[in-house]
Amino acid sequence: MANDVLVHLQDVTKTYIMGEVSVEALKATTLDIFAGEVLVILGPSGSGKSTLLNLIGGMDRVSSGELYFRQEALHLASNHQLTQYRREHIGFVFQFYNLISDLTAWENVELAASLVDHPLSTAEVLEQVGLGERLHHFPAQLSGGEQQRVSIARAIVKRPLLLLCDEPTGALDYQTGKSAGGQPAARQHSADCNPQCGHRGYRRPGRAHEQRQDCGDPNQCPPGFTGRN
Ligand SMILES: Nc1ncnc2c1ncn2[C@@H]1O[C@H](COP(=O)(O)OP(=O)(O)OP(=O)(O)O)[C@@H](O)[C@H]1O
Ligand SMILES: [Mg+2]
């Protein structure tokens, strides 16, 4: 594996089994994600984008195949090792936010910050996503887009090696999404976010493929993530 490969998937499949019914959410998927790269995963609803991010984020386990983070074999990791992996290395912006309803915006972000040794400042990150005036609001007192920005702040505050964003700006207007987008290393979205990214990758239903394409304007990459231009 090349040194700058952060994540490597080799023939990864994921099948959900529900009684008699099984859903093949991910078919043999082979993919490298490089350090410093911005990768966008595109595909229709139900094509397995969230499934793929959940596997890479150590939230779920592959059904078959191999999944590495650097040299760490996640497909062989114990539950404890996966928890450590998520805590230390992963920032995750969930498709449905997953904020803790009994905690304020500040507390939701601070909880994540408390898990790592050198977090960013919770107040500063919330300020950065435009919520400096909403620190003490509970999720139910925030709009959908504001909750999404708390979720982005919570992922960024840990300074993760890998930022996984599942529809990170789906509830935001273009300008807010651009300013709150942070520095994703891998994310999924519809085609309209392409201009923000140095690279993009496509998915076809149930199968990732290798094509990467420069969007032609590396200056538009989020800070610190200039892609492999
Ligand atoms: N926990 C689960 N149990 C059973 N089936 C599941 C589960 N999670 C996802 N699926 C199925 O796996 C397939 C892929 O789902 P996934 O959520 O990864 O799609 P997606 O590409 O993220 O879709 P969207 O764009 O709508 O968010 C879907 O057919 C879905 O119904
Ligand atoms: Mg999804």
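In which helix does Ala112 lie? The close-up views below are taken from a predicted model, and the first of them takes up this question.

**View 1. Ala112 and its surroundings in helix 3.** Ala112 lies in helix 3, a helix that covers residues 105-113. Ala112 counts as buried because 21 other C-beta atoms lie within 10 Å, where the cut-off for a buried residue is 20 or more. When its neighbours within four places in sequence are left aside, the residues in contact with Ala112 are Arg154, Val157 and Lys158. Arg87 can also be picked out in this view, since its C-alpha atom is 8.5 Å from that of Ala112, although the two residues are 25 residues apart in sequence.

**View 2. The shell around ligand 1.** There are 13 residues around ligand 1, and those that come nearest are Tyr16, Ala25, Ser45, Ser50 and Thr51. Three elements, namely strand 1 (5-18), strand 2 (21-34) and helix 1 (49-56), each supply at least two residues of this shell. Helix 1 gives the most, with three residues. Sorted by chemical character, the shell around ligand 1 is made up of eight polar residues, four nonpolar residues and one charged residue.

**View 3. Helix 1 and the residue that follows.** Eight of the eight residues of helix 1 are buried, so this helix is largely enclosed by the rest of the structure. Read along the chain, these buried residues are Lys49, Ser50, Thr51, Leu52, Leu53, Asn54, Leu55 and Ile56. Two of the names, Ser50 and Thr51, also belong to the residues that come nearest to ligand 1. Just after helix 1 comes Gly58, which takes a positive phi of about 70 degrees.

**View 4. Asn98, a loop residue with a positive phi.** Asn98 is found in the loop that runs between strand 6 (90-93) and helix 3 (105-113). Although Asn98 is not a glycine, its phi is positive, at about 55 degrees. How buried or exposed is Asn98? Asn98 is partly exposed, because 13 other C-beta atoms lie within 10 Å.

**View 5. Arg159, in the loop between helix 5 and strand 7.** The loop that holds Arg159 links helix 5 (144-156) with strand 7 (162-166). Arg159 is a residue other than glycine, and its phi is nevertheless positive, with a value near 50 degrees. With 15 other C-beta atoms within 10 Å, Arg159 is partly exposed.

Key. Residues are numbered from 1 along each chain as its sequence is written. Chains are lettered from A and ligands numbered from 1 in the order in which they are written. This is a predicted model: local features need pLDDT of at least 70, side-chain atom pairs count only at pLDDT 80 or more; totals for chains, interfaces and linings use all residues. A residue is near a molecule or strand if its C-beta atom, placed from the backbone, lies within 6 Å of it. Helices (H or I, at least four residues) and strands (E, at least two) are DSSP runs, numbered from the N terminus. Ala, Val, Leu, Ile, Met, Phe, Trp, Tyr, Cys and Pro count as nonpolar, Asp, Glu, Lys and Arg as charged, and the others, Gly among them, as polar. A residue is buried if 20 or more other C-beta atoms lie within 10 Å of its own, exposed if 12 or fewer, and partly exposed in between; C-beta atoms are placed from the backbone. Two residues are in contact if their C-beta atoms, placed from the backbone, lie within 7 Å.
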